[in-house]
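Q: Please take a close look at one part of this predicted model, and then follow the thread to other parts that can be described in the same terms. I would like a careful, connected account.

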Amino acid sequence: MYGWKALLRHQISLGRSLRYLSDDKASRLVGIDRSKLHIPHVEKTKTGAAESMVAHLTQRIHYRNALTVADYMRECLTNPHHGYYIKNEVFGRTGDFTTAPEISQVFGECLGIWILKTFAAITSVQKPKGFKIVELGPGRGTLMRDISRIIKSATPTVFRNLEIQFMEVSPKLREVQRATMGAYAHELLGLHWFENLSQIPEPDGMATIYIAQEFFDALAVHQFLKTDKGWCERMIDVEVDPNAEFPFRYVLSRGATAASTVYKPLLPAGVEQVEISPDAYGIAETLGSFIGASDGLGACLVVDYGKVGPIESSLRAIRNHKIEPALLSPGEADLSVDVDFGLLSRGFRAGGDKHVDVYGPISQRQLLHSLGGVEKAYMLADSAEAESQKTAVLKSYERLSSPDQMGDIYKAMAVTHSDVPTPVAF
């Protein structure tokens, strides 16, 4: 679909002589001799359940050389046997993190209003054959359940003719999503699952709105540092110190890598260190191409944490609702990065070929307030019987919208076909 993306399927061969990373970017060279390695730290890892992933990664590095940060992330999150998303209950209070839809139904209801208003804007310039919503990374399905409730309540006929498509790689989460959708799943025109965008049918005359809420932050990134030899890549290798806390360590390539060469057009000028996600750029480019070719029938809403880049280094793990080092417990914690909305914008525009308009990013606070979030929160609080419930409802919305909580760090970006009027809130 986009030729350079094929690179991501290949291991980057670097040779065995790598350079340690340190705060002062020390340049001393070390030779890495793996001939005596025998899956170190597998028995010593503190997490127990992470042993199989540590063993797998250690063997892969031993036989195929150091991993890019991107490969490390993919292995930890989506490895079919040991991946975090494949085998764990990750969302909610019993999981490792809580997303906005799980915090308050007001979030999903506000996005439902945005979708209805955007659908109305699309139908003001075109007459679609039908209506389709595609959600990328739908989590437990809570967001789409709340969106469905709003659409069914406001426009029952539209809801009955609505098709929903989920892009989800985890079989376990697919079952959770089906259960969460409940009766709505049987009232829709259709509910389908796909593993990636290449499997999702193109719009073909249907009004199509893509939703990506806390999706891009989990996509793999490469990390590059500029040296006197040009752009070098941060890699992950086996830790050789038996007293080290982590089973792996960061190292720096001796010189340019395949990734630093191929992705050089994406690297910004004037910085010494940068983190980029070709995966995020590629998906934005693909969505942009869908919307650009939709003849006025496509739109997309992205909600995530991040900023307009460049971003230097943001990779971290999240476990038990706390942030921890990314190398501590591979496969047992979520891995997350800040989203570069500037890079997403470039991808959408490149794919749309002058036929898309990109709006934002704006703060999540502005998005929710513009869609009546405050009023909805108070209405929901007023309907609660116990005073403690009223307080909980308002505190939940405050968590979503307050500048010192999620209100400013989370951003929203909208993309529409250039024939569609400016979307609400933007």
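A: Ile291 counts as buried, since its relative accessibility is 0%, and the cut-offs behind that word are under 20% relative accessible area for buried, over 50% for exposed and partly exposed in between, with a 1.4 Å probe and protein chains only. The model is predicted, so local features need a pLDDT of at least 70 and side-chain atom pairs count only at pLDDT 80 or more, while totals for chains, interfaces and linings use all residues. Residues are numbered from 1 along each chain as its sequence is written, and side-chain values use heavy atoms, with hydrogens and water left out.

Ile291 belongs to helix H11, which covers residues 278–292; helices (H or I, at least four residues) and strands (E, at least two) are DSSP runs, numbered from the N terminus. Setting aside residues up to four places away in sequence, Ile291 is in contact with Tyr210, Gly298, Ala299, Cys300, Val356, Val415, Thr416 and His417, where contact means heavy atoms within 4.5 Å. Another residue far along the chain can be placed relative to Ile291: Ser418 lies 127 residues away in sequence, yet the C-alpha atoms of Ile291 and Ser418 are separated by 9.2 Å.

A second buried helical residue is Ser148, whose relative accessible area is 1% and which sits in helix H6, residues 142–154. With residues up to four places away in sequence again left out, Ser148 touches Phe159, Ile164, Met181 and Tyr184.

For burial along a whole helix, one can turn to H2, residues 69–78, which is mostly covered, with 8 of its 10 residues buried. The buried residues of H2 are Val69, Ala70, Asp71, Tyr72, Met73, Glu75, Cys76 and Leu77.

The strands offer a further view. An open sheet of 3 strands is arranged in the order E14-E13-E15 with antiparallel pairing, two strands being paired if DSSP finds at least two bridges between them. Strand E14 (322–324) and strand E15 (334–336) form the edges, each of them pairing on one side only. Averaged over this sheet, and with direction ignored, neighbouring strands are turned by 40 degrees against each other; the axes are lines fitted to C-alpha atoms, for helices over the stretch in contact, and angles run from 0 to 180 degrees between N-to-C directions.

Strand E13, residues 316–319, pairs with E14 in the antiparallel sense over 3 bridges. Within this pairing, Ala317 has Glu324 of E14 as its bridge partner, and Arg319 stands opposite Lys322, also in E14. The hairpin of E13 and E14 has 2 residues between the strands, and in this hairpin Asn320 takes a positive phi near 55 degrees.

E13 is also joined to E15 by 3 bridges, and these two strands run antiparallel. Here the bridge partner of Ile318 is Asp334 in E15. As background, the side chains in a regular strand alternate between the two faces of the sheet.

To return to the starting point, Ile291 is buried at 0% relative accessibility, and its contacts include Tyr210, Val356 and His417.
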